[in-house]
Number of protein chains: 4
Amino acid sequence: MAIRYHTATFENIPPEKRERILRAASRVLGRDGIGGARMADVASEAGVSHGSMFSYFPTKDDMVRAVIARGMDIQAVRFAASDDEGACFADAVRAVFRSAWDEASAEPELISLWLSLSLAENARFADAILPLESDSTERWRRVVARGKASGEIDGGVDERAAAYLLDALAAQLMKSRASGLERAKLELFVGSGLAESAPDRMADAVVAMLSSSDSSN
Amino acid sequence: MAIRYHTATFENIPPEKRERILRAASRVLGRDGIGGARMADVASEAGVSHGSMFSYFPTKDDMVRAVIARGMDIQAVRFAASDDEGACFADAVRAVFRSAWDEASAEPELISLWLSLSLAENARFADAILPLESDSTERWRRVVARGKASGEIDGGVDERAAAYLLDALAAQLMKSRASGLERAKLELFVGSGLAESAPDRMADAVVAMLSSSDSSN
Amino acid sequence: MAIRYHTATFENIPPEKRERILRAASRVLGRDGIGGARMADVASEAGVSHGSMFSYFPTKDDMVRAVIARGMDIQAVRFAASDDEGACFADAVRAVFRSAWDEASAEPELISLWLSLSLAENARFADAILPLESDSTERWRRVVARGKASGEIDGGVDERAAAYLLDALAAQLMKSRASGLERAKLELFVGSGLAESAPDRMADAVVAMLSSSDSSN
Amino acid sequence: MAIRYHTATFENIPPEKRERILRAASRVLGRDGIGGARMADVASEAGVSHGSMFSYFPTKDDMVRAVIARGMDIQAVRFAASDDEGACFADAVRAVFRSAWDEASAEPELISLWLSLSLAENARFADAILPLESDSTERWRRVVARGKASGEIDGGVDERAAAYLLDALAAQLMKSRASGLERAKLELFVGSGLAESAPDRMADAVVAMLSSSDSSN
DNA sequence: TATGAATGAGATTTCATTCAT
DNA sequence: AATGAATGAAATCTCATTCAT
């Protein structure tokens, strides 16, 4: 089912080395962009020879796809972890925002890479990332639906719009960790020094906006 | 005050030609990315010789900055147009979302270029775009402040968070016009075919979320 | 008789302008080398338009030849001035060394250009400068012959070798004015700070070496 | 201590290939000048691909410096060989003039390159060659000092001037091998056909000029 | 005659990919 | 399987020369 972009050779090397290579690739791709990343840099950051890279991945594009696939696996784990059926709406939003923030802090280059996949220049990789977006959409809609059902979200709220908004907000928060410019922008909004608490604050604020009871209290 | 990135020669050619070159550059940069764009492509799309490009801009990076500067001028005009002091909060949000959408539809490559400026690989251009982000922040905060003052926004709403959210939403809508992937994502949320009405729908939804009276009716 | 490398147009412009252009060309050619000199630089240093240069000289090489021709005229004037039949050998050597030094100090770029004509890369201009070298040879031989005749030069001295030596020494002194490296080398030999008196000192020393009376004292 | 201008790759290839590349570079640099030499020409003369050149030297300037460094090594060997403490002054001068002449005959392009380093346009390489000039100065001064001590040089001779003169003469002889123009000039002085014996003749002549006994016999 | 915009051939430099060892 | 030297297509940038105004 899962398409593999690497060679058989790549499967025969120690898992630790595989991981090292994919992390190096992720780092370089995020830092220098897909077009700007150099195979030689990935090789030297991973501590393998330049030539070996092409025995692991047929082409540079294949390496990119392998990195994207790894990023999706990580993302899936994160979402699954925060997909607690029992949690209330407010907690679910908080949990996702927080884990989005933390993950983006831990591997900002992966976020940078993910952001670059929305660009026209990288459209040929869109198919590789679409399942992730689709999954993300579905999950936000379920979260909102549960909120509506539990009465935490006001009855008049447009569910689809709310899900879109929550997704946009989460994406924007992640962007703030991956990009100096977006970090500056966040600080312009929330004030410098408060950025660290941004995910919680944003979660609280958006939950309040969506709930009816909040305004009546 | 305004830094110029082009040469004197560029100022001496007919305005119509200048505009043609900047639009071609914007198109190619948006389509192929800053790193991937080739000066020769810009030249041929603009109908000038390869060598001429370097008599207009000292380097490729200068051309990129000139295109960014032009994009900022356009943005500024847009924002100014929607900065009607007399309009109510709901109308202001609608107007900005709509003009963001329309502008992104008219020149999606410019949006693509703008998005790419958030990437680490293009950090050297961040200084060129920061004034725009700063301006955008300020305007959203004023819009929200007016909404609060007029009572259209519920008293309990976190103003800074609301401004951030509105900005993120506008950015996300523009992204949907520039990127096939983001367009697909929008359709996943609002349903295919309804994308065209997305800016109004999102504006209405977010205005409703922010208002207290809405939930009590 | 004299070949002209410039156009008729060049002869129709004011002499002052002609001189300005040739001096600018000489300066740029000396500073940047024949290959490295840019017509646009010559034009801007001379205060004329880039395009005009090609209405004065059909090609860059023609401009180079015109500058060489001017340099030869200057050189000829200098040599003629020091070609005083009545002077004794010692005075003649002193006079030529001194005027070589002063001229090189006044227009080091012209010397730089002259030096570059000895390089293989500029062999195509050798014919333009050969008459000057030939003239120089002839004059040194006459100076030495007069010295021999007057008894100032020892009878056993190889006249041709002496003339060659004097020429080489004069050339070396001029080089010291045109080149930072050669200036450093001169200072290594004579000590820093004494470079200014070098032409006289060298003249005195070489005259002494060539004279027999010196050894008997 | 010794600065290397080449890459690690260059050190890993067979010595024979290294030498072939440096000689080709020397040949092309001498023939076409530093500015005029094309990397592609060096590559094809050395029988390697164009791209390989840049895996040996980071830039063209680095290649130039590598060639200069090799030239200096050769030069140093030559001087060392003629630095026989036991030889009399006359033999030392003869030996250096002769080896300068022979070396210039063997690799005239290297001499051409060396000459071009005195030009303003190549001033950025002056630091690379200064140690050689400095060494040369020192050696000539020692040769003259020994001649004075042994009585072969007349007591009244200006030692520094004599050393400078010997150096200038040696340089001029080398120039005659590297440049067609300078060869023509030498023939004007000593007569055509006699050029081959020039170094010995000049050595004898200058030794005679510097010695007192010679004129009295 | 003067101007300066336009041209395009050509130079250096980069880097994915190949392949002999 | 691993290495790293070799390759050559392609990109940016330069500049002598042309030519319309």
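A polar contact here is a pair of N or O atoms within 3.5 Å. All the views below come from a predicted model.

**View 1. Backbone atoms reaching the phosphates of DNA strand E.** In chain A, a polar backbone atom of A:K60 sits 2.9 Å from a phosphate oxygen of DNA strand E. Chain D does something along these lines with D:M39, where a backbone N or O atom lies 3.3 Å from a phosphate oxygen of the strand.

**View 2. A side chain on the phosphates of DNA strand E.** Here the partner is C:Y56: an N or O atom in the side chain of C:Y56 is 3.3 Å from a phosphate oxygen of DNA strand E.

**View 3. The protein surface around DNA strand E.** Zoom out a bit and you get 30 residues surrounding the strand, with B:T9, B:N12, B:K17, B:Y56 and D:R38 the closest. Which elements supply at least two residues each of this surface? They are α4 (50–56) of chain A, α1 (8–12) and α4 (50–56) of chain B, α4 (50–56) of chain C, and α4 (50–56) of chain D. By residue class, the surface splits into eleven nonpolar, 13 polar and six charged. Flip to the DNA's side of things: of the strand E atoms within 4 Å of the protein, 69% belong to sugar or phosphate, and the rest belong to bases.

**View 4. Where chain B meets chain A.** Each chain puts residues into this contact, 55 from chain B and 55 from chain A. About 4,800 Å² gets buried between the two, and carbon and sulfur atoms give 65% of that area. On the chain B side, B:Y164, B:F189 and B:M209 lose the most area to chain A, together making up 19% of what that side buries.

**View 5. Charges and polar pairs across the chain B and chain A interface.** How many salt bridges link the two chains? The count is six. One to look at pairs the side chains of A:K185 and B:D167, at 3.0 Å from N to O. As for polar contacts, 20 residue pairs turn up across the interface, both partners at pLDDT 80 or more.

**View 6. The helices on chain B's side of the contact.** The elements of chain B that give two or more residues to the side touching chain A are α2 (15–36), α7 (108–116), α8 (126–150), α9 (159–178), α10 (180–190) and α11 (198–210). The largest share comes from α9(B), with 13 residues. Sort that side of chain B by class and you get 29 nonpolar, 13 polar and 13 charged residues.

How values were computed
Residues numbered from 1 in each chain as written. Chains lettered and ligands numbered in written order. Predicted model: local features only at pLDDT ≥ 70, side-chain atom pairs only at ≥ 80, totals over all residues. Heavy atoms only, no water. Contact = heavy atoms within 4.5 Å. Buried area = accessible area lost by both parts, 1.4 Å probe. Salt bridge = Lys/Arg side-chain N within 4 Å of Asp/Glu carboxyl O. Polar contact = N/O pair within 3.5 Å; in protein donor to acceptor, adjacent residues only side chain to side chain. Helix = DSSP H or I, 4+ residues; strand = E, 2+ residues; numbered from the N terminus. Nonpolar A, V, L, I, M, F, W, Y, C, P; charged D, E, K, R; others polar. Near = heavy atom within 4 Å.
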